[in-house]
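Trainee: Please pick one part of this model and go through it closely. I would like to see how it connects to its surroundings.

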Amino acid sequence: MLTMLHIPRTGGSFINKKFEVKQEKNVSEKHHFLCHSYENTIDPNLFNLIDQVDFVVFRNPYGWLYSYYTHSTEQHKHGWLNIKQTHNIKSFEEFVNLYTDMSFEWPHPYRNNGGYVSACYNDDGKFIPQNIIFIEKLEEIAGEYFGSIRGKNPELTIKKPSKKYLEHYNPDMINRVSKHFEKFNDEYGYTVDSGPRKKMVTLK
């Protein structure tokens, strides 16, 4: 069984769709994790009893924040989980300012301790995923990593994430996000317009 810890807006849903695998979603009220299994369902209430999941997907945090803000579906037309509507956020700059202001009570779990990476730890502080896949490098590693699931290398025509977000940042916003994700960026080699440093990280 190959399992993914899915951090919203990093590309996990794209991976499920691209590799034509069965997707099962569960939401843990305790951990706010979305756990996907390629073969069956993980009971989210048992997540803290699981020693590991196979992988998590990371994304450039500057692009991730822009995707978080602009996300739109029939159910959530005002950013991911309607963040703009629930907090009357009028601009992307205001969104970034609130996200990086630790005195502001953010309603979603993907901010503390240096950004969304905090979702990768269980209650005991253990980093759960065995592997980190970077969505920007997916085309380079997908055949090797996901090919075995289907018994052959999947056809790879993977479009890299857009850098349109760069148009929506000013220097102050970049500075705020850089400070908030400082440890994350240092660890994985992200800057506002580049990264990651490696194709994939294995933590076995």
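**A tryptophan and the helix beside it**

Mentor: Leaving aside residues up to four places away in sequence, Trp 106 touches Tyr 68, Ile 83, Phe 95, Leu 98, Tyr 99 and Arg 111. Keep in mind that this is a predicted model. Trp 106 sits in the loop between helix H4 (92-99) and S5. Is Trp 106 buried or exposed? Its relative accessible area is 8%. Buried means under 20%, so Trp 106 counts as buried.

One of its neighbours deserves a second look. The side chains of Trp 106 and Tyr 68 make a polar contact at 3.0 Å. Trp 106 can also be placed relative to His 87. The two are 19 residues apart along the chain, and their C-alpha atoms are separated by 9.6 Å.

Tyr 68 takes us to helix H2. Tyr 68 is among the H2 residues that meet H4. The full H2 side of that contact is Trp 64, Leu 65, Tyr 66, Tyr 68 and Tyr 69. On the H4 side are Phe 92, Phe 95 and Tyr 99. Phe 95 and Tyr 99 also appear among the residues that Trp 106 touches. What is the packing angle of H2 and H4? H2 (residues 61-70) packs on H4 at about 115°, and the axes are 10 Å apart. The crossing of H2 and H4 is right-handed.

How enclosed is H2? Of its 10 residues, 9 are buried, so the rest of the structure largely encloses this helix. The buried residues are Pro 61, Tyr 62, Gly 63, Trp 64, Leu 65, Tyr 66, Ser 67, Tyr 68 and Tyr 69. Their packing partners are H3, H4, helix H6 (171-180) and H7. Now look at the N-terminal end of H2. Asn 60 caps it, with a side-chain oxygen 2.8 Å from the backbone nitrogen of Tyr 62.

Go on from H2 to Trp 64. Trp 64 meets H4, and Trp 64 is also touched by Thr 10. Thr 10 lies in the loop between strand S1 (3-6) and helix H1 (12-18). Its relative accessibility is 1%, so Thr 10 counts as buried. Beyond four places in sequence, Thr 10 touches Val 57, Arg 59, Trp 64, Tyr 116 and Ile 135. With Val 57 there is a polar link too: a polar side-chain atom of Thr 10 lies 3.3 Å from the backbone oxygen of Val 57.

The residue before Thr 10 has an unusual backbone setting to check. Arg 9 is not a glycine, yet its phi is positive, at about 70°. Arg 9 is also in the loop between S1 and H1. Here the relative accessible area is 26%, which makes Arg 9 partly exposed. Compare Asn 88, another residue other than glycine, with phi near 50°. Asn 88 is in the loop between helix H3 (83-86) and H4. Asn 88 is partly exposed, at 48% relative accessible area.

Val 57 leads into the strands. Strand S4 (residues 53-58) pairs with S5 in the parallel sense over 5 bridges. Within that pairing, Val 56 has Ile 132 of S5 as its bridge partner. S5 also joins strand S6 (residues 200-202), antiparallel, through 3 bridges. There, Asn 131 is bridged to Thr 202 in S6. Is S5 enclosed or open? All of it is buried, 6 of the 6 residues (129-134), so S5 is largely enclosed by the rest of the structure.

One more backbone feature comes before S6. The Gly 195 to Pro 196 peptide bond is cis, with omega near 5°. Pro 196 lies in the loop between helix H7 (182-188) and S6.

Now step back. The protein has 7 helices and 6 strands. Their order from the N terminus is β-α-β-β-β-α-α-α-β-α-α-α-β. Of the 204 residues, 49% are buried. Count contacts between residues at least 6 apart in sequence: 66% of them join residues at least 24 apart. The exposed area is about 10900 Å², and carbon and sulfur atoms supply 45% of it.

How values were computed: Residues are numbered from 1 along each chain as its sequence is written. This is a predicted model: local features need pLDDT of at least 70, side-chain atom pairs count only at pLDDT 80 or more; totals for chains, interfaces and linings use all residues. Side-chain values use heavy atoms; hydrogens and water are left out. Buried means under 20% relative accessible area, exposed over 50%, partly exposed in between (1.4 Å probe, protein chains only). Helices (H or I, at least four residues) and strands (E, at least two) are DSSP runs, numbered from the N terminus. Two strands pair if DSSP finds at least two bridges between them. Contact means heavy atoms within 4.5 Å. Accessible areas come from the Shrake-Rupley method with a 1.4 Å probe; for residues, only the protein chains shown count as cover. A polar contact is a pair of N or O atoms within 3.5 Å; within protein, one must be able to donate a hydrogen and the other to accept it, and residues adjacent in sequence count only if both atoms are side-chain atoms. Axes are lines fitted to C-alpha atoms, for helices over the stretch in contact, and angles run from 0 to 180 degrees between N-to-C directions. A crossing is left-handed if the near helix is turned anticlockwise from the far one by less than a right angle, and right-handed if clockwise.
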